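Biologist: I am just starting out with structures, and I would like a close look at one part of this one. Could you take me slowly through the way its helices pack against each other, and explain each term as you go?

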Amino acid sequence: MAIIHYIPILTTLLSALFAASLYRRWLVKHSPHLWWWAFGILTYGLGTAIESTITLAGNSVFLTKAWYIAGA
């Protein structure tokens, strides 16, 4: 497999770190936009995690549905 197939794993990790950072900031400030932003980044990361699984392990109906629910 080419290195490009592993890029979604990197974006998943970066989005998880960013979502955690935003969530920690929300715990301090309780500003609603921080929670929504963290939620959005988390769903993006979930989508890239599913994309990684599809690319590396193969596709299925369940993974395709999960990918669409996560925001495609």
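Modeller: Here is a walk through the helices, their packing and a few residues that sit between them.

Let me begin with the ground rules. This is a predicted model, in which local features need pLDDT of at least 70 and side-chain atom pairs count only at pLDDT 80 or more, while totals for chains, interfaces and linings use all residues. Residues are numbered from 1 along each chain as its sequence is written, and side-chain values use heavy atoms, with hydrogens and water left out.

Now the overall picture. The protein chain has 3 helices and 0 strands, and along the sequence the pattern reads α-α-α. Helices (H or I, at least four residues) and strands (E, at least two) are DSSP runs, numbered from the N terminus. Along the principal axes, the C-alpha atoms of the protein chain fill a box of roughly 45 × 25 × 10 Å. Of its 72 residues, 25% count as buried. Here "buried" means under 20% relative accessible area, "exposed" means over 50%, and "partly exposed" is in between (1.4 Å probe, protein chains only).

Next comes the pairing of α1 and α2. Their axes are 8 Å apart and pack at an angle of about 160°. Axes are lines fitted to C-alpha atoms, for helices over the stretch in contact, and the angles run from 0 to 180 degrees between N-to-C directions. With that angle, α1 and α2 are therefore roughly antiparallel to each other. The scale is this: under 35 degrees counts as roughly parallel, over 145 as roughly antiparallel, 65 to 115 as roughly perpendicular, and the rest as oblique. The crossing of α1 and α2 is left-handed. A crossing is left-handed if the near helix is turned anticlockwise from the far one by less than a right angle, and right-handed if clockwise. By class, the contact of α1 with α2 has 16 nonpolar, 6 polar and 3 charged residues. Contact means heavy atoms within 4.5 Å. For the classes, Ala, Val, Leu, Ile, Met, Phe, Trp, Tyr, Cys and Pro count as nonpolar, Asp, Glu, Lys and Arg as charged, and the others, Gly among them, as polar.

The largest nonpolar core is made of 6 residues: A19, L22, W26, L34, A38 and I41. Two or more of these residues come from each of α1 (7-29) and α2 (32-57). A nonpolar core is a set of buried Ala, Val, Leu, Ile, Met, Phe, Trp, Tyr and Cys residues joined through side-chain atoms within 4.5 Å.

Take one member of that core, A38, which lies in helix α2. A38 has a relative accessible area of 8%, so it is buried. Leaving aside residues up to four places away in sequence, A38 touches A19, L22 and Y23. The C-alpha atoms of A38 and A16 are 9.2 Å from each other, although these residues are 22 apart along the chain.

Two other residues let us follow a contact from both sides. T12 sits in helix α1 and counts as buried, at 18% relative accessibility. Not counting residues up to four places away in sequence, T12 touches G45, T48, A49 and S52. On the other side, S52 lies in helix α2 and is buried too, with a relative accessible area of 6%. With the same sequence neighbours left out, S52 touches P8, I9 and T12.

Between α1 and α2 there is a loop, and H30 is found in it. H30 has a positive phi of about 55° although it is not a glycine. Most residues other than glycine have a negative phi.

Finally, let us turn to α3. The axes of α2 and helix α3 (residues 61-69) come within 9 Å and cross at roughly 155°. These two helices are therefore roughly antiparallel to each other, and their crossing is left-handed. G47, I50, E51, T53 and I54 of α2 make the contact with L63, A66 and W67 of α3. Sorted by class, the residues of this contact are 5 nonpolar, 2 polar and 1 charged. In the loop between α2 and α3 lies N59, which is exposed, with a relative accessible area of 52%. N59 touches I54 and T64, again not counting residues up to four places away in sequence.
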